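Hi everyone, thanks for making time this morning. I'd like to walk you through a structure that may be new to you, so please have a look at it while I talk.

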Amino acid sequence: MVEVVDPDKVSKYKQLPLSKRTITDWQHELALNVTEQLHAILKKENIYYSISLDESTDSTDSAQILYFIRAITEDFLCYEELLALGTLTGRTRGIVFFNNFQDKCREVGLDLVNLVS
């Protein structure tokens with residue numbers, strides 16, 4: 001690919017360290033950046049959002065819940081991201097899901113007043 005885009009700099013690209021550790025670090029930095037951007041957007045006023053969740057059970061019999069958020073700003077910019085991961089142990093009743101959801105909202109700083117669905 002580099003040969004096509006910039007043939008004069010092929011040797012410089014070959015010198016880049018692309019170990020597993022480097023790639024993992026880059027992925028971690030990108031994930032943190034996306035999370036920080038999402039939290040900054042959600043802290044603004046006049047943000048309305050909906051939440052969807054997906055529940056599954058892992059190999060240790062713990063329920064894992066993925067919370068996804070779809071938010072819209074007053075400028076009609078839309079964002080859709082993974083908001084949080086919750087873990088439930090024991091019986092998974094509706095109140096347990098709701099309490100876990102409230103905890104995740106507190107961690108992120110979401111105002112439930114702006115929840116539309």
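Let me begin with one residue: Arg106 counts as exposed because its relative accessibility is 58%. By that word I mean over 50% relative accessible area, while buried means under 20% and partly exposed is in between, with a 1.4 Å probe and protein chains only. Before going on, a word on where this comes from: it is a predicted model, in which local features need pLDDT of at least 70 and side-chain atom pairs count only at pLDDT 80 or more, while totals for chains, interfaces and linings use all residues. Residues are numbered from 1 along each chain as its sequence is written, and side-chain values use heavy atoms, with hydrogens and water left out.

Back to Arg106, then. Its partner in a salt bridge is Asp103, with the closest N and O atoms 2.8 Å apart. A salt bridge here is a side-chain nitrogen of Lys or Arg within 4 Å of a carboxyl oxygen of Asp or Glu. Both Asp103 and Arg106 sit in helix 4, three residues apart, about one turn of the helix. Asp103 has 36% relative accessibility, so Asp103 is classed as partly exposed.

How many salt bridges does a search of the whole structure find? It finds three. Another one joins Lys104 to Glu107, at 3.8 Å from N to O. Lys104 and Glu107 are separated by about one helical turn because they are three residues apart in helix 4. Their surroundings make a nice contrast: Lys104, at 14% relative accessibility, counts as buried, whereas Glu107 is exposed, with a relative accessible area of 59%. Then there is the salt bridge between Glu80 and Arg70, at 2.4 Å from N to O. This pair links distant parts of the chain, since Glu80 is in strand 3 (residues 78-88) and Arg70 is in strand 2, 10 residues apart.

Let me step back to the overall fold. The protein has four helices and three strands. Helices (H or I, at least four residues) and strands (E, at least two) are DSSP runs, numbered from the N terminus. In what order do the elements run from the N terminus on? The order is α-α-α-β-β-β-α.

As for dimensions, the C-alpha trace spans about 60 × 45 × 20 Å along its principal axes. The radius of gyration is 20 Å, but a compact globule of 117 residues would have one near 13 Å. That radius is taken over C-alpha atoms, and the globule rule is 2.2 Å times the number of residues to the power 0.38. Of the 117 residues, 25% are buried.

Now for the aromatic rings. The whole structure yields one aromatic pair. Its members are Tyr67 and Phe101, and the pair is tilted because the ring centres are 5.8 Å apart and the planes are at 45°. For the cut-offs, rings of Phe, Tyr and Trp (its six-membered ring) pair if their centres lie within 6.5 Å; planes under 30 degrees apart count as stacked, over 60 as edge-to-face and the rest as tilted. This pair also links distant parts of the chain, with Tyr67 in strand 2 (residues 63-72) and Phe101 in helix 4 (residues 94-108), 34 residues apart. Both Tyr67 and Phe101 are buried.

What about the surface? Leu16, Leu18, Ile23 and Trp26 form a nonpolar patch there, with about 390 Å² of accessible area together. Patches are made of residues with over 30% relative accessible area and no salt bridge, where like charges are joined within 9 Å and nonpolar side chains (Val, Leu, Ile, Met, Phe, Trp, Tyr) within 5 Å. The areas come from the Shrake-Rupley method with a 1.4 Å probe, and for residues only the protein chains shown count as cover. Ile23 belongs to helix 3 (residues 20-42), and it counts as partly exposed because its relative accessibility is 35%.

Last stop: Ser62, in the loop between strand 1 (48-57) and strand 2. Ser62 is buried, at 13% relative accessible area. Setting aside neighbours within four places in sequence, Ser62 is in contact (heavy atoms within 4.5 Å) with Ser56, Thr57, Thr87, Leu88 and Thr89.

Thanks for listening, everyone!
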